[in-house]
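Trainee: I have a model open and would like to read it step by step. Can we go through it together?

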Amino acid sequence: MGGQGMTDFQDQKELRAWLATRSRQEITLFAARAALRVLPMLRRSGDVGDPQATLILPCFRASSISWRAGWRIARQDMEIAAAAR
């Protein structure tokens, strides 16, 4: 993201401050990568009451929403570039 090194956030306040300095595309990429990084940590659970089982659907939703938002931004960028020709 912007060619900079890895950023280590100590709390939510630092994360919000950092995000405020980023473009919409960078924030979308950050959200998509964060959602995708969680997916491998989820394991198959046979117990419906297992707290981890309740995270599976929200994690897939977050991944799907981030992925779709990225496609929309990319499409908008292509339309802007085409109009500029």
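Mentor: What follows is a set of questions and answers on this predicted model.

Trainee: Which order of elements does the protein chain show from the N terminus on?

Mentor: Start with the counts. The protein chain has zero strands and three helices. From the N terminus on, the elements therefore need only one symbol, and the order reads α-α-α.

Trainee: What share of the 85 residues in the protein chain is buried?

Mentor: Begin with the surface. The protein chain has an accessible surface of about 6900 Å². Carbon and sulfur atoms account for 61% of that area. Of the 85 residues, the buried share is 15%.

Trainee: Among contacts between residues at least 6 apart in sequence, how many in percent join residues at least 24 apart?

Mentor: A contact here needs heavy atoms within 4.5 Å. Take the contacts between residues at least 6 apart in sequence. The portion joining residues at least 24 apart is 44%.

Trainee: What span does α2 reach from its first C-alpha to its last?

Mentor: Helix α2 covers residues 24-38. It has 15 residues, and at 1.5 Å a residue the expected span is 21 Å. The model comes close to that, with a reach of 22 Å.

Trainee: Is Thr 28 buried or exposed?

Mentor: Thr 28 sits in helix α2. Its side chain has a polar atom 2.9 Å from the backbone oxygen of Arg 24. Buried means under 20% relative accessible area. Thr 28 has 14%, so it counts as buried.

Trainee: Which residues of α2 are buried?

Mentor: Thr 28 is one of them. In general, an α-helix has 3.6 residues a turn, so residues three or four places apart point the same way. The buried residues of α2 are Glu 26, Thr 28, Ala 32 and Ala 35.

Trainee: Which side chains meet in a salt bridge?

Mentor: The structure holds one salt bridge. Its N to O distance is 3.8 Å, and the cut-off is 4 Å. Both partners are buried. They are Arg 22 and Glu 26.

Trainee: Is the pair of Phe 9 and Phe 30 stacked, tilted or edge-to-face?

Mentor: The structure holds three aromatic pairs. For Phe 9 and Phe 30, the ring centres are 6.2 Å apart and the planes stand at 90°. Planes over 60 degrees apart fall in one class. The pair is therefore edge-to-face.

Trainee: How many residues apart are Phe 9 and Phe 30?

Mentor: The pair links distant parts of the chain. Phe 9 is in the segment before α1 (12-19), and Phe 30 is in helix α2. The separation is 21 residues.

Trainee: Which residues do ring pairs link into a cluster?

Mentor: Two members are partly exposed: Phe 9 has a relative accessible area of 24%, and Phe 30 has 23%. Trp 18 also belongs to the cluster. The linked residues are Phe 9, Trp 18 and Phe 30.

Trainee: What is the C-alpha to C-alpha distance of Phe 30 and Leu 19?

Mentor: Phe 30 is found in helix α2. In sequence, Phe 30 and Leu 19 are eleven residues apart. In space, their C-alpha atoms are apart by 9.2 Å.

Trainee: What is the C-alpha to C-alpha distance of Pro 58 and Ala 35?

Mentor: Pro 58 lies in helix α3, residues 56-84. Pro 58 is partly exposed, at 40% relative accessible area, whereas Ala 35 is among the buried residues of α2. The two are 23 residues apart in sequence. Their distance in space is 9.6 Å.

Definitions and conventions
Residues numbered from 1 in each chain as written. Predicted model: local features only at pLDDT ≥ 70, side-chain atom pairs only at ≥ 80, totals over all residues. Heavy atoms only, no water. Helix = DSSP H or I, 4+ residues; strand = E, 2+ residues; numbered from the N terminus. Buried < 20%, exposed > 50% of the residue type's maximum accessible area, 1.4 Å probe, protein only. Areas by Shrake-Rupley, 256 points an atom, 1.4 Å probe, with all protein chains shown as cover. Polar contact = N/O pair within 3.5 Å; in protein donor to acceptor, adjacent residues only side chain to side chain. Phe/Tyr/Trp six-rings, centres within 6.5 Å; stacked < 30°, edge-to-face > 60°. Expected span 1.5 Å × (residues − 1).
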